[in-house]
Amino acid sequence: MEKKEPQVDPDGGFNTLICQEDLEDDELKTYSQSNQQKLQASLFRTSPGTGSRLAAVILMLLAAVLLIVNISLGVHYSNLTDTHLTLKDTERIGKELGELQESYKTAIGAMKGAHMQLDSELNRQQQTNWELEHQTKRRKDFEMQADTVTKDLAKLRTRLPEITVSCKHCPPGWILMNSVCYYFSFADNGGLKSWLKARDFCRIHGGDLIIINSKDKENATVNYLLSHQDPSKTQKSFWMGLRDSQEEGTWKWLDGTVLDEGYWQDGEPNDYDKNEDCAEIFPSINFFKAWNDLKCSDLQNWICEKAPTSIS
């Protein structure tokens, strides 16, 4: 059975059916294109105002769709680009971070080494400071010793004429002072003597314990003791030829004369324990207060005196 297709009327309607076989291929193509054009024309001619608006709407919708697609593709591409850049930056930052971590470890190691070296230097500096302190103390000690030696030399120089004269008129170890030879023991603990033993020493060497019967002699004796003892040490006391052993309270010199003027320390003589019968002299800045009574058996230094051998 042949297939009939409707024939479009030029006025937009359908006419009689035409069999497909009745048409040739070229005619069929021409017929088909003509029908499509006529169909489109008939569609737009159906309602002229409505077709224009519909076309405009369709075009706007297509433009909007294209715009949305374009924006979507742009955003998608941007996201892809940002993601790509972020991954690339992450790799770069990760690499730089690794390098920074290695630099940090190297810096920490160097800092630890510097700290260890600093501690070592501080320890050596501490030892240096200790040595400096030690050497400074030694230097001060040497300076004090040098100062002491200098002072001793100065005293010896001042005493040189006295010593020279003493050597001419007094035995070795004795000094000539005011035309009298004196012996000052200045002995340490091993050479101390009781009053009687000290007097025996003096008498063996041709003299006796010192008799101080004037203010000038008292002053000269005390000043000599002061100038020949170290003020930083305990001052030595010396026996002299004065006692009250025969009659308590009556002090007599060894030549038998009774004491006329004494130079006792405040509160002395007090005859402590009822047994202090011998007198001693000690270096005192105030030579008017330089005597003390003591037990004759106590061990002390002593002062001897005797006449010189010759005086020119």
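This report describes a predicted model of a protein, from its overall fold to its largest pocket and a set of individual residues.

## Overall architecture

The protein has 312 residues, and 24% of them count as buried. Its secondary structure comprises four helices and 10 strands. In sequence order, these elements run β-β-α-α-β-β-α-β-α-β-β-β-β-β.

Among contacts with a separation of 6 or more, 63% join residues that are 24 or more positions apart. The exposed surface of the protein comes to about 22200 Å². Carbon and sulfur atoms supply 57% of that surface.

## The largest pocket

The volume of the largest pocket is about 310 Å³. Two elements give two or more residues to its lining, namely α2 (48-169) and α4 (215-227). Helix α2 provides the largest share of the lining, with six residues. Lining residues are also drawn from two domains, with at least three from each of domain 1 (86-165) and domain 2 (175-310).

The residues that line the largest pocket are Met144, Asp147, Thr148, Lys151, Asp152, Lys155, Leu226, Ser227, His228, Gln229, Asp230 and Pro231. Sorted by class, the lining has five charged, four polar and three nonpolar residues. Asp147, Lys151, Asp152, Lys155 and Asp230 are the charged residues in this lining. Met144, Leu226 and Pro231 are the nonpolar ones.

## Backbone geometry in the loops

A cis peptide bond joins Glu268 to Pro269, with omega near -5°. Pro269 is located in the loop between β7 (252-253) and β8 (278-281).

Two residues in another loop have positive phi values. Asn178 is in the loop between β3 (175-177) and β4 (180-184). Its phi is near 55°, a positive value in a residue other than glycine. Asn178 has a relative accessible area of 59% and therefore counts as exposed, the cut-off being over 50%. Ser179 lies in the loop between β3 and β4 as well. Phi of Ser179 is near 65°, again positive in a residue other than glycine. With a relative accessible area of 47%, Ser179 is partly exposed, because that value falls between the limits of 20% and 50%.

## Thr221 in helix α4

Thr221 belongs to helix α4. Thr221 counts as buried because its relative accessibility is 1%, and buried means under 20%. Which residues is Thr221 in contact with, leaving aside its neighbours within four places in sequence? They are Phe184, Ile210, Ile212, Ile281 and Ile303. Of these contact partners, Phe184 falls within the residue range of strand β4 (180-184), and Ile281 falls within that of strand β8 (278-281).

Thr221 can also be paired with Tyr182, 39 residues away in sequence. The C-alpha atoms of Thr221 and Tyr182 are 9.8 Å apart.

## Trp291 and Gly262

Trp291 is part of strand β9 (residues 291-294). Is Trp291 buried or exposed? Its relative accessibility is 0%, so Trp291 counts as buried.

Gly262 sits in the loop between β7 and β8, the loop that also holds Pro269. Gly262 has a relative accessible area of 31% and is therefore partly exposed. Although 29 residues separate Gly262 and Trp291 in sequence, their C-alpha atoms are 7.9 Å apart in space. The pair thus links a partly exposed loop glycine with a buried strand tryptophan.

## Lys168 and Thr309

Lys168 is found in helix α2, the helix that gives six residues to the lining of the largest pocket. At 60% relative accessibility, Lys168 is over the 50% cut-off and so counts as exposed.

How many residues apart in sequence are Lys168 and Thr309? The separation is 141 residues, while the distance in space from C-alpha to C-alpha is 8.3 Å.

How values were computed
Residues are numbered from 1 along each chain as its sequence is written. This is a predicted model: local features need pLDDT of at least 70, side-chain atom pairs count only at pLDDT 80 or more; totals for chains, interfaces and linings use all residues. Side-chain values use heavy atoms; hydrogens and water are left out. Buried means under 20% relative accessible area, exposed over 50%, partly exposed in between (1.4 Å probe, protein chains only). Contact means heavy atoms within 4.5 Å. Accessible areas come from the Shrake-Rupley method with a 1.4 Å probe; for residues, only the protein chains shown count as cover. On a 1 Å grid over the protein atoms alone, a cavity is a set of points where a 1.4 Å probe fits but cannot get out, and a pocket is an open set with protein on both sides within 12 Å along at least five of seven lines; lining residues have an atom within 4 Å of a point. Grid points are joined across faces, edges and corners, and a volume is the space filled by probe spheres set on the points. Domain bounds come from an automatic or database domain assignment.
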